[in-house]
Amino acid sequence: PLEVYSRYTGGREFPFYTQKGLEKAIADIGDELHNQYILTYQPNDQSEAGYHTIKVTVDKPDLKVFTREGYWLAAKPQ
């Protein structure tokens, strides 16, 4: 379940089996949090209900992008 939850929310998992593995996971999470940006998006047409895919691209090949595959939007009454 952890792999599924992290995949569909745009996150990732940090598995560990030892105390040293836990310490490395915590250090990796700290490094990642220190070097990340959060992008938000709000569609212009909120009446278009359904599933919408997300594609994020960057111009720097050495950057890692983590995102979920898409989102569900409930139509707002007009």
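Helices (H or I, at least four residues) and strands (E, at least two) are DSSP runs, numbered from the N terminus. Keep in mind that this is a predicted model, where local features need pLDDT of at least 70, side-chain atom pairs count only at pLDDT 80 or more, and totals for chains, interfaces and linings use all residues. Residues are numbered from 1 along each chain as its sequence is written, and side-chain values use heavy atoms, with hydrogens and water left out.

**Exercise 1.** Work out which elements the chain has and in what order they run.

*Solution.* Start with the tally: two helices and two strands. Then read from the N terminus, and you get α-α-β-β.

**Exercise 2.** Set the radius of gyration of the chain beside that of a compact globule of 78 residues.

*Solution.* First, the rule: 2.2 Å times the number of residues to the power 0.38, with the radius taken over C-alpha atoms. For a compact globule of 78 residues that lands near 12 Å, but the chain has 17 Å. Next, look at the spans of the C-alpha trace along its principal axes: about 55 × 30 × 15 Å.

**Exercise 3.** Find Ser6 and describe its surroundings.

*Solution.* Step one: Ser6 sits in helix α1, residues 2-9. Step two: Ser6 counts as buried because its relative accessibility is 10% (buried means under 20% relative accessible area, with a 1.4 Å probe and protein chains only). Step three: its side chain reaches the backbone oxygen of Leu2 at 2.9 Å. Step four: skip the neighbours within four places in sequence, and Ser6 is in contact (heavy atoms within 4.5 Å) with Gly11, Arg12 and Glu13.

Technical notes. Buried < 20%, exposed > 50% of the residue type's maximum accessible area, 1.4 Å probe, protein only. Polar contact = N/O pair within 3.5 Å; in protein donor to acceptor, adjacent residues only side chain to side chain.
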